[in-house]
Amino acid sequence: MACAFVLGMAYVPAQAEDAKPAPAASAAPQYTLKDLNEQLVMATLWVQTSVEYRALCQQVYNWVKVLVDKDLAEVKTDKKRIIIVDGDETTIQANTYEAFVIDKDQEYPTGWYEWVASATGEPIPGAVEGLSYAASKGVETYYVTNRKIDKEYQGTLDNLKKFGFPNVDPEHVIYRQVGQPDDKLQRQLDLEKKYHLVVYVGDDFNDFPLGTHKKSLDERSKAFVDSKDKWGSRYLMLPNPMYGSWEKTLNNNQVGMSADEQNKIRRQYLRKWK
Ligand SMILES: [Mg+2]
């Protein structure tokens, strides 16, 4: 089903002009995982080489410092002040794993747990200094990650400690428990209830407590519009063009789709000039 982006941020099916008869099965070779990984090359290169990426990240963490100072100056509270951040692509860069799957013609989770155990992910530009500044002012960081407590516990702690992130201990690094879905909402709300939240930092819409886990494009779009005033003050977003819930949403969060099916869906969402 082809889709078009229209006024009011809604996604609607395009008209039937694309509905041509399917080509004969033998007309083209199937799109392979290697082909699909080629789509990841530009996004990974941008993250690994561009100063534009570094500037966006630095901008976010410079702004964390401003928000910490602002909160301390303007808000009186007896509660502990906290920042809630995500793990991958928010504090730790996992892009060398993306380059690994491109190079090896593989896909997640092949090699992922070994990569985590290696504790080699570089910090996101500006993250250590921004969060350390917060810590120096008594504002603690909580890492709410979907990394799994049974398989990724030690490698995550080791990686964060290695680069000098603050508050790296079992209290502050909150993993996904065994059998828990990759929905962070309850963990986020539990922290908000107990402490005074200064700001959330993430690279995925689900790193923010907006209730959009596994929701559709339209629902995510509505949640964004409804939360517009909080971006830059309560919520700070980092760029991640390599993967995330944005991409899974295109597949309606289905797992196990072939590379060919995934590619077809991606193409159908392209809004084209005609
Ligand atoms: Mg992330």
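## Working through the fold

Just after helix 3, D105 takes a positive phi of about 55°. Keep that residue in mind while you work; the model you're looking at is predicted.

**Exercise A: the turn after helix 3**

Work out where D105 sits and whether D105 is buried, partly exposed or exposed.

Start with the backbone: D105 has its positive phi although it is not a glycine. Next, place the residue: D105 belongs to the loop that runs from helix 3 to helix 4. Now check the accessibility: the relative value for D105 is 33%, and buried would need under 20% while exposed would need over 50%. That makes D105 partly exposed.

While you're in this loop, look at P109, which is also found between helix 3 and helix 4. The peptide bond leading from Y108 into P109 is cis, with omega near 10°.

For practice, try N253, another non-glycine, with a positive phi of about 60°. N253 lies in the loop between helix 9 (245–250) and helix 10 (259–269). Its relative accessible area is 21%, so N253 counts as partly exposed.

**Exercise B: the inner face of helix 3**

Find which residues of helix 3 are buried and what covers them.

Begin with the list: N95, Y97, E98, V101 and I102 are the buried ones in helix 3. Then look down the helix axis: these buried residues fall within an arc of 155°, so they line one face of helix 3. Finally, see what sits on top: the cover includes helix 1 (33–49) and helix 4 (112–118).

Helix 1 gives you a residue to follow up, L36. L36 is buried, at 8% relative accessible area. From L36 to I102 is 66 residues in sequence, but 9.1 Å in space from C-alpha to C-alpha. Leaving out residues up to four places away in sequence, L36 touches Y31, A259, Q262, N263 and R266.

**Exercise C: reading the sheet**

Give the strand order of the open sheet and trace the pairing partners of V85.

Lay out the strands: five of them form an open sheet in the order 5-4-3-6-7, with parallel pairing. At the edges you'll find strand 5 (173–176) and strand 7 (235–237), each pairing on one side only. From one strand to the next, the twist averages 20°.

Now take V85. On one side, V85 stands opposite V201 in strand 6; strand 3 and strand 6 are joined in parallel by five bridges. In strand 4, the bridge partner of V85 is Y143, and here strand 3 and strand 4 share four bridges, again parallel. Carry on outward: Y143 stands opposite V173 in strand 5. To get from strand 4 to strand 5, the chain passes through helix 6 (residues 153–162), and this β-α-β crossover is right-handed.

Check how enclosed strand 4 (residues 140–148) is: seven of its nine residues are buried, so the rest of the structure largely encloses it. Last, look at the packing across the sheet: helix 2 (residues 51–74) lies across strand 3, strand 6 and strand 7, at about 170° to strand 6.

**Exercise D: the magnesium ion**

Identify the protein donors of the magnesium ion and explain why D88 and D203 tie together parts distant in sequence.

Pick out the donors: D86 (OD), D88 (O) and D203 (OD) lie 2.0 to 2.1 Å from the magnesium ion. Write their spacing along the chain: D-x1-D-x114-D. Then map the loops: D88 sits between strand 3 (81–85) and helix 3 (95–104), and D203 between strand 6 (196–202) and helix 8 (217–226), so the pair links parts 115 residues apart in sequence. Check burial too: both D88 and D203 are buried.

N206 lies in the loop between strand 6 and helix 8 as well, and N206 is buried at 15% relative accessible area. Setting aside neighbours within four places, N206 is in contact with residues including K184, Q188, R220 and S245.

**Exercise E: the whole chain**

How many helices and strands does the protein chain have, and what share of its residues is buried?

Count the elements: ten helices and seven strands. Then take the burial: 42% of the 274 residues are buried. Finally, look at contacts with a separation of 6 or more: 75% of them join residues 24 or more positions apart.

How values were computed: Residues are numbered from 1 along each chain as its sequence is written. This is a predicted model: local features need pLDDT of at least 70, side-chain atom pairs count only at pLDDT 80 or more; totals for chains, interfaces and linings use all residues. Side-chain values use heavy atoms; hydrogens and water are left out. Donors are N, O and S atoms within 2.8 Å of the metal (3.2 Å for Na, K and Ca); water is not among the atoms, so sites may look incomplete. Helices (H or I, at least four residues) and strands (E, at least two) are DSSP runs, numbered from the N terminus. Buried means under 20% relative accessible area, exposed over 50%, partly exposed in between (1.4 Å probe, protein chains only). Two strands pair if DSSP finds at least two bridges between them. Axes are lines fitted to C-alpha atoms, for helices over the stretch in contact, and angles run from 0 to 180 degrees between N-to-C directions. Contact means heavy atoms within 4.5 Å. The arc is that of the directions from the helix axis to the C-beta atoms. A crossover is right-handed if, with the strands pointing away from the viewer, the path from the first strand over the helix to the second runs clockwise.
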